[in-house]
Amino acid sequence: MPVRPTSHFTWQVLRTAKRSKKALNGRALRLVPTRNTKDGTFLTALVADGLLERATGSEADPFEATYTLTEKGKFAAEYGEYEFDLKRPEPGAAQSTPTRGRTR
C-alpha cells in the first residue's frame, strides 16, 4: 500500500484527538477558525480517509458529531503518515473522451 504524508493541520487535529481521553466533538477539533474549516468538510474528509470515525452524530452536522481515532489515525498522529488505498475507476463507468479544439 502506498504511504501518504499528513498535512500539518491534519496532524494537529489527529494529535488533539489522540491526547483526549474522551471522544471530542467537531467544534473541539476545529483548531484554526479559517475559511477552509468553517463548513466541516475537513472532518468528513478525515472520516472518508479512515483516520477518524464518528462515535455519535451524522455527516449532516459535522460539528455536533463526536469523533474518535481509528488505528490508522493513531499511527498517523504518531508518525505523520498513513497507508491509503488507491481508488480505481469503476469497470462499468463510462470514460469521457477528450474533444479536440474549442467547444462552446
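Select Phe42 first: at a relative accessible area of 11%, Phe42 is buried (under 20% relative accessible area; exposed is over 50%, partly exposed in between; 1.4 Å probe, protein chains only). This is a predicted model, where local features need pLDDT of at least 70 and side-chain atom pairs count only at pLDDT 80 or more, while totals for chains, interfaces and linings use all residues. Residues are numbered from 1 along each chain as its sequence is written, and side-chain values use heavy atoms, with hydrogens and water left out.

Add Phe9, which is partly exposed at 23%. The structure holds 2 aromatic pairs (ring centres within 6.5 Å, using the six-membered ring for Trp; planes under 30 degrees apart are stacked, over 60 edge-to-face, the rest tilted). Phe9 and Phe42 form an edge-to-face pair, 5.4 Å centre to centre with 65° between the planes. Phe9 sits in helix 1 and Phe42 in helix 3, 33 residues apart (helices are DSSP runs of H or I, at least four residues; strands are runs of E, at least two; both numbered from the N terminus).

Now go to helix 4 for Phe75 and Tyr79, 4 residues apart. Their ring centres lie 4.7 Å apart with planes at 45°, so the pair is tilted. Phe75 is partly exposed at 41%; Tyr79 is exposed at 56%.

Next, show the sheet. Its 3 strands run in the order 2-4-3, open and antiparallel (strands pair if DSSP finds at least two bridges between them). Strand 2 (24-25) and strand 3 (52-56) are the edges, each with a single partner strand, so one side of each has no neighbour in the sheet. Zoom in on Leu24: its bridge partner in strand 4 is Tyr67.
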